[in-house]
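Good morning, and thank you for coming. I would like to take you through one structure today, and I ask that you keep the picture in view while I speak.

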Amino acid sequence: MQDTFKLGSVRGIPIGMHWSLLFVFGLVVLALAVGVYPEVHEGYPPGAYLGAALATGVAFFGSVVAHELGHGLLAQRKGVEVEGITLWLFGGMARFTNPPTNPDDDLKIAAIGPAISVLAGAVFGLAWWVLAAVGASPLAVLSLGWLALINVALAIFNLVPAAPLDGGRVLRALLWKRTGDPREATRRAAHGGRIFGIALIVLGAVEVAFGRFGGIWLMLIGWFLVVAARGEETSSWLQGVRVREVMSTDPVVAPDWMTVDAFLEQYVWGHRFSTFPLRSFGGQLSGLLTLAAIKRVPAARRPEVRVREVACPIDQVPVVSPDDELTSVMGRMSGGCAGGRALVLDGDDLVGIVSPTDISRVVELGPLRREDQREVAPTHQPATGSEQQRPESAEAAHQPATGSEHQPEAPERGPDSGDASNHPTGAP
């Protein structure tokens, strides 16, 4: 989820807003200004209702930011890198580059968001009680009461034990602590998320069938939960996987002074790869060239354009270590001119490339590996003769090519490949 507008930062955590927030903000303001306020307190001019509704909407989304900042600031204290916070259609989302390293930290980071929402509800409730006691403006009292109720409702909704809601995070942390397996814990919490999302879709459809079109909102939230839960389960197969287990080894390196025409003739037509690191005349890595970049060069200019002119410069290419955890580097690999790829350096030596295709292969093999582990008994004996039994691991299953990338370019990641470390806050 990319920010459309930057709102600022708190302790180095960027806070942004997606354009879809304007839609839900408009719905909240419209519902309050046209529906709730005039029905409860008649006789005010339309401008008064609109002003109170705007102030209430801003305060509500301010409390959503506080909820997400609770996740982000505590995560920072626990050594988790926070990529940013985004407000969007369904509320807010804190994005983490790497997951917590133990279940206790995971539990605390997940639980603090709903705790802040409850605290915000209590503060607004106290302000409602004080203003009502002193006879303040009925619209102000009503606004504070609505804010108190909506924050408590938000906390309750988020505590449903279904990933990716905070309650699903709490469930995952508890399962992780009991079983010692964070990946299995993530998959179980994601399964609960899919069930809850489907239930919301069905409930919303029933409401629409009876003429209650507010059910459309329930169906949208349910759809989001189903897709996000599927992404949680997908990302669970990547937890604990090292870069060396998935990278394509021994990449084909090309000189950066060649023309595009010569490069096509000597490298592209002779190798079934879509990515090539480049070296300068002095031997230093200078960039990363993809077929997508070559395609942008008009055919008439290919005899004169050097490949270094169209390659992604080396200072814009993510560089990782073979021992890095894959989940900790995926945030750096997304976007940019490298096309989701990263160079793998062991010291100063280029030893491989990680591509979206490599990551997709790990995800695809994950369920198969799990099934094989269940089927193979401890007493299973290795085969004799020319066929040998091989360990079932990500490294053994992955057959790297001798070049920089063994598959064609992979499609962009969809919404069902989300990061397990996101902490969304649902909209009301």
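I shall speak about two helices, then about aromatic rings, and finally about charged side chains. Please bear in mind throughout that this is a predicted model.

Let us begin with helix 2, which covers residues 46-77. How does the span of helix 2 agree with what its 32 residues should give? At 1.5 Å a residue, those 32 residues should span 46 Å, and the C-alpha atoms at the two ends are 47 Å apart, so the two values agree. Just after helix 2 comes Gly79, whose phi is positive, at about 85 degrees.

Next is helix 3, residues 103-133. Helix 3 has 31 residues, and from its first C-alpha to its last it reaches 45 Å, close to the 45 Å expected at 1.5 Å a residue. Where does helix 3 bend? The bend is at Ile112, by about 30 degrees, and a proline, Pro114, follows within four residues.

At the start of helix 3, please look at Asn102. A side-chain oxygen of Asn102 comes to within 3.2 Å of the backbone nitrogen of Asp104. Beyond the other end, just after helix 3, Gly135 has a positive phi of about 75 degrees.

Which residues of helix 3 are buried? Among them are Asp105, Asp106, Ile109, Ala110, Gly113, Pro114, Ser117, Ala120, Gly121 and Phe124. When you read such a list, a general point is useful. An α-helix has 3.6 residues a turn, so residues three or four places apart point the same way.

I turn now to the aromatic rings. There are 11 aromatic pairs in the structure. One of them joins Tyr44 and Tyr49, edge-to-face, with 5.9 Å from centre to centre and 65 degrees between the planes. Are these two residues buried or exposed? Tyr44 counts as partly exposed because its relative accessibility is 29%. Tyr49 is buried because its relative accessible area is 7%, and buried means under 20%.

A second edge-to-face pair is formed by Phe60 and Trp146, with centres 5.9 Å apart and planes at 70 degrees. This pair links distant parts of the chain: Phe60 belongs to helix 2 and Trp146 to helix 4, residues 138-158, and the two are 86 residues apart. Phe60 and Trp146 are both buried. They also belong to a cluster, in which ring pairs link Phe25, Phe60, Phe61 and Trp146.

A ring may also meet a charged side chain. Arg187 lies over the face of Trp237, 3.9 Å from the ring centre. Arg187 appears again in a network of salt bridges, to which I shall return.

My last topic is the salt bridges, of which the count is 11. In one of them, the side chains of Lys177 and Asp104 meet, with 3.0 Å from N to O. Why does this pair tie together separate parts of the chain? Lys177 lies in helix 5, residues 166-179, whereas Asp104 lies in helix 3, so the pair joins parts that are 73 residues apart in sequence. Lys177 is exposed, at a relative accessible area of 56%, while Asp104 counts as partly exposed, at 34%.

Helix 5 also provides Arg169, which meets Glu232 of helix 7, residues 215-236, across 63 residues of sequence. The side chains of Arg169 and Glu232 form a salt bridge at 3.0 Å, N to O. Arg169 counts as buried because its relative accessibility is 1%. Glu232 is buried as well, with a relative accessible area of 4%.

A further salt bridge joins Asp323 and Arg244, whose closest N and O atoms are 3.0 Å apart. Asp323 sits in the loop between strand 10 and helix 12, and Arg244 is in helix 8, residues 243-246; the two are 79 residues apart. Asp323 is partly exposed, with a relative accessible area of 46%, and Arg244 is partly exposed at 36%.

Here I return to Arg187. Salt bridges with shared partners join Glu184, Arg187 and Arg188 into one network.

Finally, please find Leu174 in helix 5. Leu174 counts as partly exposed, with a relative accessibility of 46%. Its C-alpha atom is separated by 8.2 Å from that of Ala185, which is 11 residues away along the chain.

Thank you for your attention.

Methods
Residues are numbered from 1 along each chain as its sequence is written. This is a predicted model: local features need pLDDT of at least 70, side-chain atom pairs count only at pLDDT 80 or more; totals for chains, interfaces and linings use all residues. Side-chain values use heavy atoms; hydrogens and water are left out. Rings of Phe, Tyr and Trp (its six-membered ring) pair if their centres lie within 6.5 Å; planes under 30 degrees apart count as stacked, over 60 as edge-to-face and the rest as tilted. Buried means under 20% relative accessible area, exposed over 50%, partly exposed in between (1.4 Å probe, protein chains only). A charge sits over a ring if NZ of Lys or CZ of Arg is within 6 Å of the ring centre and within 35 degrees of the ring normal. A salt bridge is a side-chain nitrogen of Lys or Arg within 4 Å of a carboxyl oxygen of Asp or Glu. The expected span of a helix is 1.5 Å times one less than its number of residues. The bend at a residue is the angle between axes fitted to the seven residues ending there and the seven starting there. A polar contact is a pair of N or O atoms within 3.5 Å; within protein, one must be able to donate a hydrogen and the other to accept it, and residues adjacent in sequence count only if both atoms are side-chain atoms.
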